[in-house]
Amino acid sequence: MINFDGTLFHLRTRGTSYVLRVLDGHLLHAYWGSSLRQPEVLHLGVKRDGSFAPIFTLDGETVSLDSLLREYPDYGRGDFRSPAFEVEGSDGTTVSCFRYVKHAIQQGKAPLAGLPATYVEAPEEAETLEILLCDELTGIEIILSYSVFESFDAITRSARFVNAGAAPVRLLRALSASVDFPEADFDFLQLSGASARERHIVRQPLRSGVQSVESRRGASSHQQSPFVALLEPSATEDRGRVYGLSLVYSGNFLAQAEVDQLSQTRVAIGINPFNFTWRLNPGESFQTPEVVLIFSNEGLGGLSQRYHRLYRQRLCRGVWRDKIRPILINNWEATYFNVNAEKIEAIADTAAQLGIELFVLDDGWFGKRDDDRSSLGDWTPNLKKLPSGLPDLVRRINAKGMEFGLWFEPEMISPDSDLYRAHPDWCLHVPDRARTESRQQLVLDYSRQDVCDAMVDSVSAILASAPIKYVKWDMNRHMTEVGSARLPAERQRETAHRYMLGLYSVLERITTAFPEVLFESCSGGGGRFDAGMLHYMPQTWTSDDSDAVERLKIQYGTSLIFPTITMGAHVSACPNHQVGRNTSIEMRGHVAMSGNFGYELDLNRLSDEERGIVRRQIATYKELRGLLQNGIFHRLRSPFEGNTAAWMVVSEDGSEAVVFHFQVLSRPNPPSAILRLRGLDPEGRYRVAELDRTFGGDVMMHAGLQFPDATQDFSSHMWHLTRE
Ligand code: DGJ
């Protein structure tokens, strides 16, 4: 997997080569793309004189730092492009000169201290290269770490800074990875949106200069995702070169591409340098988050399938990683805050009769919380709403044949709470400045150990009080007044990252203490749907927009990186609460079954006919969920390009598939809805249950399947294929 021939490092997965070169102390990037038998075709970078950049001779060639393809570029000696990192020395300057010192190659992959990361179950699954760079003057060392997951076709990168010098320094910038390409003929793809409109696909040609996406919100955010892909302009779903960089981190991030004067591209990703510094005293170290690099020569579909496999099997953890996930019903859109034991039981009775397996009690069960103005932090059951107590409610739900799950928002504090009255300095704040409330709440200061300990204790006490089998971990505002009462002035700009480290430690402790509990993360919908959170919680509430039409785009975009099993998706009431749209219950069911399936409405308000449909949906999902949750996902038609959307899931062995086709609006005399399927066995014959016919796998992939014309708006089909 990793070879070193004295100058070239060749990192090789099944389909990818990634090549580095050591030349006269410089660590250079040589190649990333389809796998090479022998790395030979190497570019030092375009050579031009007279561009105002200093030049020198390297390997007999005249080169400039400003155009060399560099692996982890420093700042200050003539590379005027964006550096991967910046270290401020004790003299206040940021000039540095990091040179290759040595390297080591080992089987396996070590965990990243305090941070989420991909992992191995056996040392043979990955090989790790560590390269030591050092700045002689300051004594600062950087250990660049590369792990090669050969069979997953993925390479992970991170960097560790060690102050082996005698004086303190400050990191002003410490990105996780930077990659230089000798060309700029790429599209830049990002996943962008807003609350209730997350992860829409935006694809644009690269242009000269810097283009970036970032979050300064203290969370990965609804607005931008910590992910970027570069695509050759002709790349499609199943063809073309695509390079993905996905950051395993849930806080402020920056992902950028910079096209230089010579049409070369530098792409980089990591913690956002905005409002970030980190003081490193002698002997201290700083670990950057991990970035997962995936190259696909089979377009975006190939990229997604590689991310899905790695994230499902070697990022997510715990007993639920490989278990079939239950069908849940959540009461939020049925009751909002106006919840009590009687209403819960009424919904649960019907849910149980219809075959639903888990009841999730959402916001409003604790403290004196009747609206969003109070009680966050006071995690004790509200006995006015649950008169016989939480354990008794759980017992009653269990007696109906369902498991019980509970909502928390443990990173927040309401100014109107006993916790705030006792500890007014436990929130993020800046002394003498007003504390800006959002949704009437403040953010707890998870950079403090005492706050983290208290939250572990209060969540654990509730989880230990009753057989709670599921937790929805919510987070409903972004950070303002980012400062900590516990940190000295020179460390205040460490607060946002220290918060993330605190959060990850809390999640590690709680999920380890309650290994049987299924955790779902949430942030006002999908505001923190990222690879960092998935390491602790194997599913995420995809969006607060539960409208089936809106969800087509949200789920399609999310599927670029994340597998269906991670995407919470619920059937909700009509008219839809977010957009007021009326869609068919069939379409709502099909969209939700395309993710991790559940319901979020008052089942007792449905007509008998609708309840009959729900009963059948549940039975169908139970029959097919092994395939739907763990199969190979193929996008077939993009909702961003028209009136239809389609995708399918195929079992690993190709013996079974489910195809979903959606038509948003009906049209007179529409063009025929032929859909070319993907991923089937071309030599197999498949029975399409809904048509009671068989077709060759090759026929369905090359000639296509014809879907019936829609005769009304919001129509959908779900066809089940089995190989004969
Ligand atoms: C935001 C979540 O996304 C919703 O599903 C719900 O849990 C509310 N918070 C509760 O306040």
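This report walks through the domains, the ligand site, one enclosed helix and three buried residues of a predicted model.

## The overall layout

A good place to start is the division of the protein chain into domains. The assignment gives domain 1 as residues 2-314, domain 2 as residues 349-630 and domain 3 as residues 644-723. Between the centres of domain 1 and domain 2, taken over C-alpha atoms, there are 33 Å. These two domains also touch: 46 residues of domain 1 are in contact with 44 residues of domain 2.

For a sense of distance within the chain, take isoleucine 142 and arginine 678. They are 536 residues apart in sequence, and their C-alpha atoms are 44 Å apart in space.

## Around the ligand

Next comes the ligand. Around the ligand there are 13 residues, and Asp362, Asp363, Lys472, Asp474 and Asp544 come nearest. Sorted by class, this shell holds six charged, four nonpolar and three polar residues.

Three side chains each place an N or O atom at a short listed distance from an oxygen atom of the ligand, as the table shows.

| Residue | Distance from its side-chain N or O atom to a ligand oxygen atom |
|---|---|
| Tryptophan 407 | 3.1 Å |
| Arginine 439 | 2.9 Å |
| Lysine 472 | 2.7 Å |

How much of the ligand's area does the protein bury? Taken alone, the ligand exposes 290 Å², and the protein buries 98% of that. Lysine 472 appears twice in this picture: it is among the residues that come nearest to the ligand, and its side chain has an N or O atom 2.7 Å from a ligand oxygen.

## An enclosed helix

Helix α10 spans residues 585-593, and because eight of its nine residues are buried, the helix is largely enclosed by the rest of the structure. The buried ones are Ile585, Met587, Arg588, Gly589, His590, Val591, Ala592 and Met593.

What covers these buried residues? The cover includes two helices, α9 (548-558) and α11 (608-630), along with the strands β31 (567-572), β32 (596-600), β35 (656-663) and β40 (715-723).

## Three buried residues

Three single residues give a closer view of the packing.

Isoleucine 142 sits in strand β10, which covers residues 140-149. Is isoleucine 142 buried or exposed? It is buried, as its relative accessible area of 0% is under the 20% cut-off. Setting aside residues up to four places away in sequence, isoleucine 142 touches Tyr72, Phe85, Phe98, Ile131, Leu132, Leu133, Ala159, Arg160 and Phe161.

Threonine 495 belongs to helix α7, residues 495-513. Threonine 495 is likewise buried, with a relative accessible area of 0%. Beyond its neighbours within four places in sequence, its contacts are Leu428, Ser447, Val482, Gly483, Ser484 and Leu487.

Glutamine 287 lies in strand β21 (residues 285-287). With a relative accessible area of 14%, glutamine 287 counts as buried, because the cut-off is under 20%. Its side chain makes a polar contact of 3.2 Å with the side chain of serine 158 and reaches the backbone oxygen of alanine 159 at 3.4 Å. Ser158 and Ala159 are also among the contacts of glutamine 287 outside its four-place neighbourhood, together with Leu112, Leu115 and Arg160.

Two names link these descriptions: Ala159 and Arg160 are touched by isoleucine 142, and they are also in contact with glutamine 287.

Key:
Residues are numbered from 1 along each chain as its sequence is written. This is a predicted model: local features need pLDDT of at least 70, side-chain atom pairs count only at pLDDT 80 or more; totals for chains, interfaces and linings use all residues. Side-chain values use heavy atoms; hydrogens and water are left out. Buried means under 20% relative accessible area, exposed over 50%, partly exposed in between (1.4 Å probe, protein chains only). Helices (H or I, at least four residues) and strands (E, at least two) are DSSP runs, numbered from the N terminus. Contact means heavy atoms within 4.5 Å. A residue is near a molecule or strand if one of its heavy atoms lies within 4 Å of it. A polar contact is a pair of N or O atoms within 3.5 Å; within protein, one must be able to donate a hydrogen and the other to accept it, and residues adjacent in sequence count only if both atoms are side-chain atoms. Accessible areas come from the Shrake-Rupley method with a 1.4 Å probe; for residues, only the protein chains shown count as cover. Ala, Val, Leu, Ile, Met, Phe, Trp, Tyr, Cys and Pro count as nonpolar, Asp, Glu, Lys and Arg as charged, and the others, Gly among them, as polar. Domain bounds come from an automatic or database domain assignment.
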